[in-house]
Amino acid sequence: MVKARITADGVVEKPDVVGAIFGQTEGLLGDELDLRDLQKSGRIGRIEVEINSKGGKSDGIIYMSSSLDQVETVILASALETVDRVGPCRASIHVLGIEDVRVTKREKVVERAKELLNELIKQSKGSSTDLTDSVRQSVQVEEITSYGKDRCPAGPNVRDSESIIIVEGRSDVLNLLKAGIKNAIAVEGTNIPPTVQELSRERVATAFVDGDRGGELILRELFQVAEIDFVARAPRAHEVEELTSKQIIKCLRNKVPGDQYMEMNGLVPSGEKASPELHEERSERPPRDREDDAEARREREERRERRGRDREERRERRERQRREREEQRELREREEASEEASGETPVEAPAEEVREEKPERQLRGREQDRQERRERREREKREKREEASEERQHKERFSREAVDKYRKKPVVQEEPVEPAPVVEEVVVEEVVAEAPVAVGESAPAIEEPVVETPVVEEPVAEAPVVVEESAPVVEEKPKRSRSLRGKKGGEKVLTEEQSGFRDLLLDLSSTHNAKVLGEGNELIREVAVKNLVNSLKEDSEGAKAIVFDGVISQRILDVSADKGIGVVVGTRKGNITKMPADIVIWTKEDLY
């Protein structure tokens, strides 16, 4: 099935589209793939078109079924896209996809077969346990009866049993029947029917209610209008109808006498009966029942005393732990106050407390320990941030001082070159001895004026001449050494060009920018370091040097060598494997 979308700049209909497809593809693919012949022979099906017109334009979907092989089908599908006009309107067809209908049908067959197989397995999956459970459940459900004038749902044994279990609804009775308990009766809501009230006075009644707020309300009403001997409740947030058989048996075994439950929950004041009628009914019981009540009462008294002792012990233990925590807190506060008074750093104290007070910490509450650890971590983080900020400020201050120092260094070097008084004293007494060592070949020229002039004042006047002649010799030393690492008086001596590059590199510090310089180190342009290579490749006319705040890499050197750039100045050198011969490289270490 070939699926294609057609769009036309006008209002067209289905016959127009079909006619355009047959007309514009006729003779395009030869006689073997002619659409009319293929349709007559049944090789392709009927061409279906779903088209809608809106706002003067048409849009739709074309479906064409084919029984040809894959190659011929895709050729026909691509031929549909050659249609560019439908009637008088311009149109375009785009093939959305080709679907193998057999694959889709095969998938549907597989999915349906899976469903049928699951149904068959469920039908044949009948073990002996399932059969017995189903039979037992059907019998138990059938045994539900209606009791009394109010027709309350009840089990079959309610009529003859000496004890009954009062539950909330019909579903609770069904669940008890599944567990084999057949003396349950339902009250069907919070309005207790008179039938249940009368049964509670005649039988031993056990109230079995849900563990939610609704169960508590039903219990309150039962205590007011009926006589409840025992109370059993489902686990908290659970209902009786969703309990398993084991849970039901466990809850009924853990039932509590009605008087004790009322005293525990404050439903009726201690010693007060539910009503005078109930008191008369209990007094008229046989002696055996009263003896049982006396034993149960003694047991309740013993349990009450035991619970009271347990509560007192727990209260004393909590009070002791609270006092210990307060004492430890006061001790820590005193230690912190003493540390602040002595000026010691409070950062080291927690580590010593952990080692010294480890046995005592076992008595602290978990919440207090967590709070102390949290405060300690916050204090350490705050101190680390303060140290980091101080270190950062120190580095910034040092860098600013270094920049100011390097910018003032050329001026400082020029001042001690012209100490006229000191030079005059040296020339008067020792110029003859030192001239051959310092000047070399110019020594005879210095001796002639000293020998011919008898007056001592004339050599003093010529002392500046000696300084002027020796000054160029000092400046020529870096040129002969060809090294920027030569030192004089502990400082590097730079040429005027090197000083200019150093100032430019200082200006670019922390900017990640680069400056392209021309003849005479004039600025051509300033670009970002990440765009430096592309900028040099696009336009490097007149560029003689580059200064940038970054690492000198092999790629930058290769581009500089290709573009005829002779000087490269950067922060530091990277991994350079091939050093160009006609490029001079200066780094921050060389210029500072």
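**View 1. Val 71, Val 74, Ile 75 and Ile 98 make a nonpolar patch on the surface of this predicted model**. Together, the four residues offer about 310 Å² of accessible area. Helix α3 (residues 70-80) supplies the largest share of the patch, with 3 residues. Val 71 is found in that helix. Is Val 71 buried or exposed? Val 71 has a relative accessible area of 55%, and exposed means over 50%, so Val 71 counts as exposed.

**View 2. Five strands form an open sheet in the order β2-β3-β1-β5-β4**. The pairing is antiparallel. Which strands stand at the edges? They are β2 (48-54) and β4 (85-86), and each pairs on one side only. Look next at β2 and strand β3 (residues 57-64): they run antiparallel and are joined by 7 bridges. One residue pair to find is Val 49 with its bridge partner in β3, Ile 62.

**View 3. Helices α1 and α3 meet the sheet of View 2**. Helix α1 (residues 14-24) packs on the sheet. It touches β1 (2-8), β2, β3, β4 and β5 (89-98). The direction of α1 makes about 125 degrees with that of β2. Helix α3 lies across β1, β3 and β5. Its run is at about 155 degrees to β5. This is the helix that gives the nonpolar patch its largest share.

**View 4. Helix α10 (residues 258-265) holds several buried residues**. Among them are Gly 258 and Gln 260. Tyr 261 and Met 262 are buried too. Just after the helix comes Gly 266, which takes a positive phi of about 70 degrees.

**View 5. Another open sheet of 5 strands has the order β16-β15-β17-β19-β21**. Its pairing is mixed. Why do β16 (523-528) and β21 (584-586) each have a side without a neighbour in the sheet? Both stand at the edges with a single partner strand, so one side of each is left free of a neighbour there. From one strand to the next, the twist averages 15 degrees. Strand β15 (residues 513-517) pairs with strand β17 (residues 545-548) in the antiparallel sense, over 4 bridges. Here Lys 515 stands opposite Val 547 in β17.

**View 6. Helices α20 and α22 lie across strands of the sheet in View 5**. Helix α20 (residues 496-507) crosses β15, β17, β19 (567-569) and β21. It runs at about 40 degrees to β17. Helix α22 (residues 554-563) lies across β17, β19 and β21. Its angle to β17 is about 155 degrees.

Methods:
Residues numbered from 1 in each chain as written. Predicted model: local features only at pLDDT ≥ 70, side-chain atom pairs only at ≥ 80, totals over all residues. Heavy atoms only, no water. Pairing = 2+ DSSP bridges. Axes fitted to C-alpha atoms, helices over the stretch in contact; angles between N-to-C directions. Contact = heavy atoms within 4.5 Å. Patch = residues over 30% accessible without salt bridge, like charges linked within 9 Å, V, L, I, M, F, W, Y side chains within 5 Å. Areas by Shrake-Rupley, 256 points an atom, 1.4 Å probe, with all protein chains shown as cover. Salt bridge = Lys/Arg side-chain N within 4 Å of Asp/Glu carboxyl O. Buried < 20%, exposed > 50% of the residue type's maximum accessible area, 1.4 Å probe, protein only.
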